[in-house]
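This report describes the pairing of strands in one protein model and the surroundings of a single residue. The sequence and structure are shown first.

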Amino acid sequence: WVDNGTVNIDSSFVRGNLSVAGVGGGIVLTNSANVVATNTTIGGTSAAQGNKAVNGGGVYMVSAASVFAMTGGSLSYNEANGIPTAPFGSGGGIYAPAGTITLTGVNITFNKATNLPGGTGNGGVLHRNGPATVTISKSRIFGNTASTFGHSLNNEVPGAITAINNWWGCDDLPPVNAAPANGCDQVRTSGTATITTSPRID
């Protein structure tokens, strides 16, 4: 939990953490928190090493002034999972209602969002449901899943996610508001929300 100030995480592991009935299994940013992660793994190489929470399995952004910047490393095997009193699981990797998120050159793989009856699972990698600024580039994004909306990215509210110059697990762009195809992760938008994925890299 980072409330204010800057925390630098370099060549480290944030893994195996559990927020049973709460948010931000790995890292929670509030107020003017600034987290800079370099060549760090948030999650792990298997589901047993991933971080888990109801929302934001890996990272949870609380405040408009919060900044999360990640360069290199991996965001993998994190999970947002609904519970009986809150059956909605959103943002397996990152839950982003606010703040600024920048991911550059990150392996973003096998994150998932699941739900219990009566809920939905949204945004295997990232769920944006507020005025967060999200930029993802030069990253490998594949193998992520959501039980309902947005196997990789789910943009729920007006505004843009910029996700250009990434590899999506296939030789194509990710399907938008359609079923995953040809190994590509899928992205989902609602209403006037947008996700820009072109150009891509092979």
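Strand 7 and strand 11 (residues 79-81) run parallel to each other and are joined by two bridges. Within this pair, Lys-52 has Glu-79 of strand 11 as its bridge partner. The model discussed here is a predicted one.

Strand 7 (residues 52-55) also pairs with strand 3 (residues 18-23), again in the parallel sense, and here three bridges are found. Lys-52 is the bridge partner of Leu-18 in this pairing. Lys-52 thus has Leu-18 as a partner and Glu-79 as another.

**The six-stranded sheet**

An open sheet is built from six strands in the order 4-8-13-18-22-24, and its pairing is parallel. Its edges are strand 4 (27-29) and strand 24 (187-189); each has a single partner strand, so one side of each lacks a neighbour in the sheet. From one strand to the next, the twist averages 5°. At one of these edges, strand 4 pairs with strand 8 (residues 59-61) in the parallel sense through three bridges. Ile-27 has Val-59 of strand 8 as its bridge partner.

**The five-stranded sheet**

A further open sheet has five strands, ordered 2-6-10-15-20, and its pairing is parallel. Strand 2 (13-14) and strand 20 (140-142) form the edges; because each has a single partner strand, one side of each is left without a neighbour in the sheet. Strand 20 runs parallel to strand 15 (residues 107-109), and three bridges join the two. Asn-107 is matched with Arg-140 of strand 20 as its bridge partner.

The bridge partners named above are collected in the following table.

| Residue | Bridge partner | Strand of the partner |
|---|---|---|
| Leu-18 | Lys-52 | strand 7 |
| Ile-27 | Val-59 | strand 8 |
| Lys-52 | Glu-79 | strand 11 |
| Asn-107 | Arg-140 | strand 20 |

As background, the strands of a sheet pair through backbone hydrogen bonds, in either a parallel or an antiparallel manner.

**The surroundings of Ser-137**

Ser-137 lies in strand 19 (residues 133-137). Is Ser-137 buried or exposed? Its relative accessible area is 17%, and because buried means under 20%, Ser-137 counts as buried.

When neighbours within four places in sequence are set aside, Ser-137 is in contact with Leu-103, Thr-104 and Gly-105, and also with Ile-164, Asn-165 and Asn-166. Thr-162 is 25 residues from Ser-137 in sequence, and their C-alpha atoms are 8.2 Å apart in space.

Technical notes: Residues numbered from 1 in each chain as written. Predicted model: local features only at pLDDT ≥ 70, side-chain atom pairs only at ≥ 80, totals over all residues. Heavy atoms only, no water. Helix = DSSP H or I, 4+ residues; strand = E, 2+ residues; numbered from the N terminus. Buried < 20%, exposed > 50% of the residue type's maximum accessible area, 1.4 Å probe, protein only. Contact = heavy atoms within 4.5 Å. Pairing = 2+ DSSP bridges. Axes fitted to C-alpha atoms, helices over the stretch in contact; angles between N-to-C directions.
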